[in-house]
Each structure stands twice: as C-alpha cells, then as structure tokens.
Amino acid sequence: MLIVKRITPYWTTGCLVLLLWFGVNYPAWWLLYFGLLAALPIVAMLIMHQPHWKYEYLGLGSPMLMLVLGGYTFLLIQEEFVIMLGTIICTAIFFFLFQKNVSVFLFEPAKYIPFSLEHISTYTTVLASFYVYVSLFIFSILKLTRLRYIFIIALVLTALMVWQTFWIQKIAWAKAKWFVLVLSIVLTEVVVALYFWPVSFFVTGVTLTLLLYVMLHLSRHHLTNTLTRQLVWRYLLTGSATLTVLLATAQWNYH
C-alpha cells in the first residue's frame, strides 16, 4: 500500500497530461473532462490520507483542484499550439511537484527539505490564481453567467486561496481570519474595477495574480513577525515595476 501512495504523484500527473490534451482536442466533451480532472486531486488526497486529517483534505486538495480546472478552462480558449503545450507542461509540473512534496513529507520524512511544501504550495496557488482570474474574465466576456456571480465566485475562490496559503504556513486562524477577509474583499474590488478596463483578460489576470502574490507575501511576513522595511520595499518596488511594464506594453482597446 505504501508503494501505491508513493507512486500516486506519477500516475496522476500522467493522467492529467492525457486529460488536458484530449480535453483540448475534443472540447465538445468538456463537461466529462472537467469531472475527470476534478476527480484527480480528490483521488490523490484519498490515497494519501492520514487518520488525523480534517482540514488537510481542503488545504492540500484545493490548490491542485483550482490548478487543474483553471488550467483546463484557460486551455479551452487558446488557439496557439505553443501556448497550449506550454500550459499543459507547466500545469503538470506544478501538479506533480505539489503532490511529490506531500508524498515525501508523509512517507519519506528523512528526504523532506524543510519548508519545501510551503513554497511549492504558494507558487502552485499563484499559478492557479492566474488561471482562475483569466477564466473569470473569459466567462464575463463571453457572458456565460451573470456578472454578479462572477464577482461572488471571485470572492469565494480568492478567500480560499488566501486561507490555504496561511494554513499551509501554519498561521493560526485567530490571527489570519481578518487578513483572509480583507485581502479577499480588496482583490474582489480590483476584479470589479478591472472588468471595466479596456485591456485583454491576460492583462487583468496577470495584474490580479501579481497583486495577490505581493499581498500574500507581505501579509505572511507580518503574521509571522518576519516583516522588515527592506522586504516591504522589495515587494512594493518589484511589484510596481512589473505592473508598470505590463500596463505600458498592454494593448488598450478604447471604443
């Protein structure tokens, strides 16, 4: 049984690549592939489950779930083969690394590198957030659902991503709850504002992902008492410079 648990990251990643590839080539069956993709992280967590797990199912499963479903939604609107191939490879790599770190942490603790699970979880969440935010703007552009539902979904998923990041960092809920609430509301308000910007969903997705990344790291350092003036300036300057370059090079479509 231990062998099955250790090889789970490998066969589930293989299944992920096949499902994404065939899901893109046969988009008419998108609902079936959506269900199969959603089942992968759930099956992986059930195989690797521990008797004491409670919130672990949500905390470890949600990044992978949003990664694979957001990645598939992102792929469905792509036409460039290079972008599609790159997205599949990138999604598979992060999916595998996340599971592999969980597997090593649980079943091969002697080989586990301290804080590697926290780091890969954060970056998996960041990539998943890009997929999620881009997908939400695609839904709004294609008018696949009412606008208010887009904003509600953005609020719920952002709250889940923020909570999961603090949870994996072992930050107590009593300390993190107000940060989860405030960051989720702020980022949802940014979603509302960016909806009216005359830029592509790629630009809005990257903008929100960048803001989430900076706010998560600053909040995490504050909650763990490791925030310094140098860190604040580093994140603010890097984030501002990246955002400036992004908006300066974006194609603006005024009507």
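In this predicted model, Leu37 touches a cluster of residues from elsewhere in the chain: setting aside neighbours within four places in sequence, its contacts are Leu16, Leu19, Leu20, Val68, Leu69 and Tyr72. Leu37 also turns up in the largest nonpolar core, which has 60 residues. Along with Leu16, Tyr133 and Phe166, Leu37 touches the most other members of that core. Eight helices, H1 through H8, each chip in at least two residues. Helix H5 (116-141) gives the largest share, with twelve. Apart from this core lies another one, made of five residues, including Leu210, Val214, Leu218 and Leu231.

Zooming out, the protein has nine helices and zero strands, so reading along the sequence just gives α-α-α-α-α-α-α-α-α. How compact is the protein for its length? Its radius of gyration is 19 Å, close to the 18 Å that the globule rule gives for 255 residues, so the protein is as compact as a globular protein of that length. The C-alpha trace spans about 60 × 50 × 30 Å along its principal axes.

What about contacts across the whole chain? Counting those between residues at least 6 apart in sequence, 75% join residues at least 24 apart. Buried residues make up 47% of the 255.

As for the outside, the protein exposes about 13600 Å², and carbon and sulfur atoms supply 73% of that area. The protein carries 14 positive and 6 negative charges, and the mean positions of the two sets are 10 Å apart.

Note on methods:
Residues numbered from 1 in each chain as written. Predicted model: local features only at pLDDT ≥ 70, side-chain atom pairs only at ≥ 80, totals over all residues. Heavy atoms only, no water. Helix = DSSP H or I, 4+ residues; strand = E, 2+ residues; numbered from the N terminus. Rg over C-alpha atoms; globule rule 2.2 N^0.38 Å. Buried < 20%, exposed > 50% of the residue type's maximum accessible area, 1.4 Å probe, protein only. Contact = heavy atoms within 4.5 Å. Areas by Shrake-Rupley, 256 points an atom, 1.4 Å probe, with all protein chains shown as cover. Lys, Arg positive; Asp, Glu negative; His and termini not counted. Charge placed at Lys NZ, Arg CZ, Asp CG, Glu CD. Core = buried A, V, L, I, M, F, W, Y, C linked by side-chain atoms within 4.5 Å.
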